[in-house]
Amino acid sequence: MTITFRGISHKFGDQTALSDINLDVKNGEIVCILGPSGSGKSTLLRIAAGLEPLQKGAILLDDQLMADPVTNPPPEQRPIGLVFQDHVLFPHQTVAENIAFGLRNQSKDQSEAMVKQQLASVDLSGMAQRYPHTLSGGQQQRVALIRALATQPSVMLLDEPFASVDTPLRRKLREQARLTLKAANTPTLMVTHDPEEAMDMADRILVLVEGVAVQLGTPEDLWRSPKGAFVAQTIAGLQLLTGKVQGDKVQTPIGAVPIHRITNLEEGALSRNAIKAGDLKEGATVNLGLRPHTLRLQSASGPAVISDRRFLGQHYLALVTLGDLQIRIETSREEALPIGTFVEINFASVEALIYS
Ligand code: ADP
Ligand code: MG
């Protein structure tokens, strides 16, 4: 089964929430919708679920029309499994009853066997007779996931399903959810505002900013060739700077970046080709994104100072202050300089991208 969104646009009053969204999610594929708060992520999911009327465009399941502005079946008539952030389980039913709710068409024996097997698959054997309020948030979310999957939906829609779970557990839940969803081979669309979560869960990521799809690609595509400031900063972790072309360098507020260290993504997409002096017009303004682990610091009389430093296991993160700019630079444990050291930033091995 493939779910296809074709030209979905949506307004609340005269405020545009979604502009011309196009997306295919195939069998067994997990697509994360990533974007800042208010970017239209939940609206897209609610439209697919039938919780919000579809105003413009169409949604298809394989080649069959599921919804358009004329055909708009209610949620219960859509073959869709939903998991939202909270309040997802029936509070007065046990875990087993909650899951069995989706198995009403099966015999009691079949249903019991299925519930047992499903609970085991997410490490919750023994919880069948418990009530939702006696489970942790993470356990409740796992039950919600298998309850939604129990109906064998054609599509799974998850809206920030782990938002109320604390970080270490969230990582484990993601892992488990990904395996469970992959095993079910259902197309899945999951909303998150957390770039790390999207990188961890998704086969592909659709990035929404103010209702516009700014990029759709694998986590690697987005990391290598970010489009726009949001992806460049959040997914690729780039330090964004504006500079001016002067000879064979681009002058930025933190120093001069050699042009041969710069990749122009608009031309090269995934290619790692550096550009040459002359490819950029003298005096032109360019937006650069620098990969922080490719910058080096060297002790000098300035102009910058290490204002803070954090130990992150494999490396140190140095916070370097230069005027009113703060730059994050990852250094190896061997090269780490103490806080208060005056430094110069060395661009000899920098990887810099021009992004639009
Ligand atoms: P996200 O899930 O990305 O945080 P939403 O899809 O919930 O964003 O909302 C997108 C935009 O639409 C926001 O500006 C939000 O305020 C607005 N919005 C969402 N639902 C409604 C509604 N029912 N009525 C009016 N405006 C809404
Ligand atoms: Mg939302």
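## Ligand 1 and its contacts

In this predicted model, an oxygen atom of ligand 1 sits 2.5 Å from a side-chain N or O atom of T43. The side chain of S42 also places an N or O atom 2.8 Å from an oxygen atom of ligand 1. G40 uses its backbone instead: one of its N or O atoms is 3.1 Å from a ligand oxygen. Taken alone, ligand 1 exposes 560 Å², and the protein buries 58% of that.

Two elements give two or more residues to the shell: β2 (15-25) and α1 (41-49). The largest share comes from α1, with three residues. The full shell consists of F12, Q15, A17, P36, S37, G38, S39, G40, K41, S42 and T43. By class, the shell residues split into three nonpolar, seven polar and one charged.

## F12, a shell residue on β1

F12 belongs to the shell around ligand 1. Strand β1 (residues 3-12) contains F12. Is F12 buried, partly exposed or exposed? F12 counts as partly exposed, because its relative accessibility is 36%, and the partly exposed class runs between 20% and 50%.

F12 also gives a long-range reference distance. Q326 is 314 residues from F12 along the chain, and their C-alpha atoms are separated by 38 Å.

## The chain as a whole

The protein chain has 356 residues, and 48% of them are buried. Its secondary structure comprises nine helices and 20 strands. Along the principal axes, the C-alpha atoms fill a box of roughly 75 × 45 × 35 Å.

## The sheet from β6 to β10

Six strands make an open sheet with mixed pairing. Their order is β6-β7-β8-β3-β9-β10. At the edges are β6 (80-83) and β10, and each pairs on one side only. From one strand to the next, the twist averages 15 degrees.

Inside this sheet, β3 (residues 30-34) pairs with β9 in the parallel sense. Four bridges hold that pairing. L34 has V207 of β9 as its bridge partner.

The next pairing runs the other way. Strand β9 (residues 204-209) and strand β10 (residues 212-217) are antiparallel and joined by five bridges. L206 stands opposite L216 in β10. β9 and β10 form a hairpin, with two residues between them. In that turn, E210 has a positive phi of about 50 degrees.

## The sheet from β13 to β14

Another open sheet is also built from six strands with mixed pairing. The order here is β13-β12-β11-β15-β20-β14. The edge positions belong to β13 (255-258) and β14 (262-264). Each has a single partner strand, so one side of each is left without a neighbour in the sheet. Neighbouring strands are turned by 40 degrees against each other on average, direction ignored.

Which strand does β14 join? Three bridges link β14 to strand β20 (residues 352-354), and the two run parallel. T263 has L353 in β20 as its bridge partner. In general, strands of a sheet pair through backbone hydrogen bonds, either parallel or antiparallel.

## Positive phi in two loops

D62 has a phi near 50 degrees, a positive value in a residue other than glycine. This residue lies in the loop between β4 (56-61) and β5 (64-67). D62 is partly exposed, with a relative accessible area of 37%.

N185 is also a residue other than glycine with a positive phi, near 60 degrees. The loop that holds N185 connects α5 (167-184) and β8 (188-192). What is the relative accessible area of N185? The value is 41%, so N185 is partly exposed.

How values were computed: Residues numbered from 1 in each chain as written. Chains lettered and ligands numbered in written order. Predicted model: local features only at pLDDT ≥ 70, side-chain atom pairs only at ≥ 80, totals over all residues. Heavy atoms only, no water. Near = heavy atom within 4 Å. Polar contact = N/O pair within 3.5 Å; in protein donor to acceptor, adjacent residues only side chain to side chain. Areas by Shrake-Rupley, 256 points an atom, 1.4 Å probe, with all protein chains shown as cover. Nonpolar A, V, L, I, M, F, W, Y, C, P; charged D, E, K, R; others polar. Pairing = 2+ DSSP bridges. Axes fitted to C-alpha atoms, helices over the stretch in contact; angles between N-to-C directions. Buried < 20%, exposed > 50% of the residue type's maximum accessible area, 1.4 Å probe, protein only.
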